[in-house]
Amino acid sequence: MTNDSTVTVYSTQQVKRARIAVAAVFTVHGAVTGSFATRVPWIQDHAGVSAGQLGLALAFPAIGASIAMPLAGRISHRFGARTALRGLLALWTLALILPALAPNLLTLCAALFVYGATAGMSDVAMNALGVEVENRLDKSIMSGLHGMWSVGALIGSAAGTVAAHTATDARTHHLVAALVLTALGLIACRDVLDIQSHPDEEPPPRFTLPPKSALIIGAVGFCAVFAEGASLDWSAVYLRDVLDSSDGLAAASTTAFALMMAVARIAGDRIVDRFGAVRTVRTGGVMATAGGLLVVFAPSPAAAMCGFGLLGLGVAVVVPLAFAAAGRSGPNPSQAIAGVATITYTSGLIAPSAIGSLAEATSLVVSFGVVTVLAFGLVLGAGVLRSADRKVTGSAVGEGTTTKSAAGG
């Protein structure tokens, strides 16, 4: 049995077009998330659920993603990477329609489970292809791809804000958005790499525990996503409740954090190419730790906003590099990527509630002390991302270049 996929010949121009195509896929994927997030209040009212019931329902996307993500490698193995991504991305964009149709808690939970499952599978498929393109170009692109996801989320949320402001029914809004994004996704998928598994290669298991390499890499991703989730959901509350700032200034802190994340991801590839994954993450960990300390000991709202901005800059490139490291960590990249994605999704799920529970038992200051400790974990654990630094294995440098793809994705 071999773990190599079928050797495929791609020219430099084809690989460059594939990079643009994958970036477009990331943008479409992010736009779905942004479109959904802005209409959650409408969905809550339509389903007639309380705040507590909504919190329960919003756990189901992560549950669905965690269960379904290991299937992505098997689907790619059977149908090829391009066909698999095309189908999984279409399922994800069309799943946007479901939550707004839910009339009660039970159906909302079911809709969000499907929404999360399709999100997770398409997430794994597009990250695996992103790693493949990065390998062939022999330069870092994963941070930029995740930056394009952030751009897509901003576009989707902007359109959703307009729809909400004009009192557009979310069922109509999401139907139109889903159809447009499905069409754009299908167009984008035409130029992604069409990686096929070797005929003798055994398909990945339907369900399996993440490999050891994914657990170690995922632990670093866990720290970054926990800090990200805590800052996004609690930064405004922190400024309002701890530092007695106005609602407008408190909201601006969240915007500052998200903006720093997007800017750092878009610029991150050049930094990674120059300094390497380990030094980049270690430096980011130092910045995030400094930001956390600034938040905890902030004498004013302005200082805390600077702290949240440093946190955003520090953690921004960690998840893209964790996916890149997972894609090069063993013979089954899709399985490793799915494992890392599961861990990071779990971190994003528990971070907001964990911060709230700890704040209730102690204070928000103590909660962000924990975030600061986790941020310092990036400094200590950066070395496990060494495999994110690329190794030349026959990158595309002209017509006729051949490389072997990562198995299963």
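**Helix geometry, surface features and salt bridges**

Helix H9 comprises 24 residues (142-165), for which a rise of 1.5 Å a residue gives an expected span of 34 Å; the C-alpha atoms at its ends are 35 Å apart, in agreement with that expectation. The model under discussion is predicted. Within H9, the buried residues are Met 142, Ser 143, Gly 144, Leu 145, His 146, Gly 147, Ser 150, Gly 152, Ala 153, Gly 156, Gly 160 and Ala 163. These buried positions pack against five helices, namely H1 (12-37), H8 (105-137), H10, H12 (247-275) and H15 (318-327).

The protein as a whole contains 17 helices and two strands. It has 409 residues, of which 54% are classed as buried. Among contacts with a separation of 6 or more, 86% join residues that lie 24 or more positions apart. The accessible surface amounts to about 16,500 Å², and carbon and sulfur atoms contribute 66% of that area.

Two residues with positive phi are found in loops that precede or follow the helices described here. Just after H9, Ala 167 adopts a positive phi of about 60°, a positive value in a residue other than glycine. Ala 167 belongs to the loop between H9 and H10, and its relative accessibility of 67% places it in the exposed class, because that class begins over 50%. The second case is Asp 244, a residue other than glycine whose phi is also positive, near 55°. Asp 244 is located in the loop between H11 (212-241) and H12; with a relative accessible area of 68%, Asp 244 is likewise exposed.

On the surface, Val 176, Val 180, Leu 184 and Ile 187 form a nonpolar patch of about 340 Å². Of these residues, Val 176 is situated in helix H10, which covers residues 170-189. The relative accessible area of Val 176 is 48%, so this residue is partly exposed.

Charged side chains were examined next. Side chains of opposite charge can pair when their charged atoms come close. The count of salt bridges in the model is five, and three of the pairs are described here, beginning with Arg 136 and Glu 132. The side chains of Arg 136 and Glu 132 meet with an N to O distance of 2.7 Å. Both residues are part of helix H8, where a separation of four residues corresponds to about one turn of the helix. Arg 136 is buried, at 2% relative accessibility, and Glu 132 is buried as well, with a relative accessible area of 3%.

A further salt bridge is formed by Glu 228 and Arg 265, whose closest N and O atoms are 4.0 Å apart. This pair links distant parts of the chain, since Glu 228 lies in helix H11 and Arg 265 in helix H12, 37 residues apart. Both Glu 228 and Arg 265 are buried.

In the salt bridge between Arg 240 and Asp 241, the N to O distance is 2.8 Å. Here Arg 240 is partly exposed, at 38% relative accessibility, and Asp 241 is also partly exposed, with a relative accessible area of 48%. The Arg 240 and Asp 241 pair is thus partly exposed on both sides, whereas Glu 228 and Arg 265 are both buried.

Methods
Residues numbered from 1 in each chain as written. Predicted model: local features only at pLDDT ≥ 70, side-chain atom pairs only at ≥ 80, totals over all residues. Heavy atoms only, no water. Patch = residues over 30% accessible without salt bridge, like charges linked within 9 Å, V, L, I, M, F, W, Y side chains within 5 Å. Areas by Shrake-Rupley, 256 points an atom, 1.4 Å probe, with all protein chains shown as cover. Buried < 20%, exposed > 50% of the residue type's maximum accessible area, 1.4 Å probe, protein only. Expected span 1.5 Å × (residues − 1). Contact = heavy atoms within 4.5 Å.
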